[in-house]
Amino acid sequence: MIKGKTLLPIVQGGMGVGISAHRLAGNVAQAGGVGTISSVDLRRHHADLMAETGKSRDKALIDRANLVALDREIKAAKGIAAGAGVVAVNIMRAVSEYANYVRQACASGADAVVCGAGLPLDLPELTAEHPDVAIIPILSDVRGISLILKKWMRKNRLPDAIVIENPKYAAGHLGAARPEDVNDPHFAFPTVLEGTRELLRQLDLEKENIPLIAAGGVHSHEQVKELMALGANAVQLGTPFAVTEEGDAHVNFKRVLVDAKPEDIVTFMSVAGLPARAVKTTWLANYLDKEEKMQRRAKPQQCTVGFDCLHQCGLRDGIPKSGQFCIDTQLAFAMNGDVKRGLFFRGSEPLPFGNEIRSVRDLIDYLLTGRRPAANKLDAGTLPQPA
Ligand SMILES: Cc1cc2nc3c(=O)[nH]c(=O)nc-3n(C[C@H](O)[C@H](O)[C@H](O)COP(=O)(O)O)c2cc1C
């Protein structure tokens, strides 16, 4: 239940650049779940905006185009959802235009704003004029959850849900300090779910019924049941939704993710100063070979694309312990299906339908019922309805 609306306990996580835009988020919401648009650099889905800005190094122009794109994507997703579910917008705290993306998401009619990759301490103020917009932090351990709860309580605001993302399994940027920390037992679902319930008791917030959403590595109906038994109210999935028919990326993107073997999936340092998990494709393998040398030579320079997308960028700011590549360029290659040059974020676990690309409805149906549809033949009427 979010803002009084009863939903299926399935959340599609935000995926940038352009992997979860209006089509994926709109279809998940239409099915009765939470569909999340990633706000990062959405102009890449709009030919007219790319014609204006594709070769530009004018940050203000690019930022404006991205706000126009975000507005269009939210409205298109809400159109597909037709009043069902929740259309959320994911905004990474680490992104330089974070505050403007939050304001635009609210102004354009998003039902929820979901923030990770840093602590969104100021989210209550940024959304104060839009009390109907749900605000949802993404955190990975009890310490982070405690910090956000206490800070927000001082501002008389509570999260409308909390995403608990386990860095051991999740895709993209991970909520641990270093790649070697991602398996730390303090991130384990039982520990964080139990610890959070205890924290909510201590803070006298039990009666607020803040939904806890477990994210990372969910790929079977059994896991959904187990996580709910551990105290989760819903599950969030990224990789399995990225590879659905409705996923907004090029089909080559989906094929790289579904065809990846366990040994192809690696964890490394991103330019955002956080570890990240992705498929070791040609570009990533070459980059990792050169990483140490590049880190030794790191020194501050101008943003290579004039976009300054991150508050702090390992490449631009010459931070030796961070990644040394342009994340926006590499992620955009992946979204467009450039198998050689792209950076393909992916979680560590197998996929519910192996290497098959299925519909959003098939995936949600399987997660909720355990029925593996033989083909994409289920119609909408077979979906369980929210209680
Ligand atoms: C391609 C891809 C891009 C992602 N980008 C983002 C992002 O921009 N912001 C974010 O908060 N999470 C991002 N994630 C994480 C997902 O929202 C989700 O929480 C995570 O993938 C869950 O783990 P799973 O992939 O094992 O299901 C991304 C995941 C994938 C697969």
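In what order do the eight strands close into a barrel?

1. In this predicted model, the eight strands that close into a barrel follow the order 1-2-3-4-5-6-8-9, and the pairing between them is parallel. Going from one strand to the next, the twist averages 25°. As background for a reader new to such folds, strands of a sheet pair through backbone hydrogen bonds, and they can do so either parallel or antiparallel.

2. One pair in the barrel can be followed in detail: strand 4, residues 112–116, runs parallel to strand 5, residues 134–139, and four bridges join them. When you look for these bridges in the structure, V113 is a useful place to begin, with I135 as its bridge partner in strand 5. Elsewhere, helix 7 (residues 189–202) lies across strand 6 (162–165) and strand 8 (212–215), and this helix runs at about 170° to strand 8.

3. The protein is divided into two domains, of which domain 1 is made of two segments, 10–257 and 350–369, while domain 2 covers 261–345. Their C-alpha centres lie 22 Å apart, and the contact takes 30 residues from domain 1 and 28 residues from domain 2. On the side of domain 1 that touches domain 2, the elements giving two or more residues are helix 3 (59–81), strand 7 (172–173) and helix 10 (251–259), and helix 10 gives the most, with five residues. Sorted by class, this side of domain 1 has 17 nonpolar, seven polar and six charged residues.

4. Where does strand 11 stand, buried or exposed? Five of the five residues of this strand, 275–279, are buried, so strand 11 is largely enclosed by the rest of the structure. P275, R277 and V279 point one way from the strand, whereas A276 and A278 point the other way. This agrees with a general pattern: in a regular strand the side chains alternate between the two faces of the sheet.

5. Strand 11 also has antiparallel partners, since it is joined to strand 10 (residues 265–269) by five bridges and to strand 7 by two. M269 has P275 as its bridge partner in strand 11, and G172 is likewise matched there with R277. The hairpin of strand 10 and strand 11 has five residues between the strands, and in it G273 takes a positive phi near 80°.

6. The ligand is surrounded by 31 residues, and the closest are G13, A171, G172, G238 and G347. Helix 9 gives the most to this shell, with three residues. By class, the shell divides into 15 nonpolar, 13 polar and three charged residues.

Notes: Residues are numbered from 1 along each chain as its sequence is written. This is a predicted model: local features need pLDDT of at least 70, side-chain atom pairs count only at pLDDT 80 or more; totals for chains, interfaces and linings use all residues. Domain bounds come from an automatic or database domain assignment. Two residues are in contact if their C-beta atoms, placed from the backbone, lie within 7 Å. Ala, Val, Leu, Ile, Met, Phe, Trp, Tyr, Cys and Pro count as nonpolar, Asp, Glu, Lys and Arg as charged, and the others, Gly among them, as polar. Two strands pair if DSSP finds at least two bridges between them. Axes are lines fitted to C-alpha atoms, for helices over the stretch in contact, and angles run from 0 to 180 degrees between N-to-C directions. A residue is near a molecule or strand if its C-beta atom, placed from the backbone, lies within 6 Å of it. A residue is buried if 20 or more other C-beta atoms lie within 10 Å of its own, exposed if 12 or fewer, and partly exposed in between; C-beta atoms are placed from the backbone.
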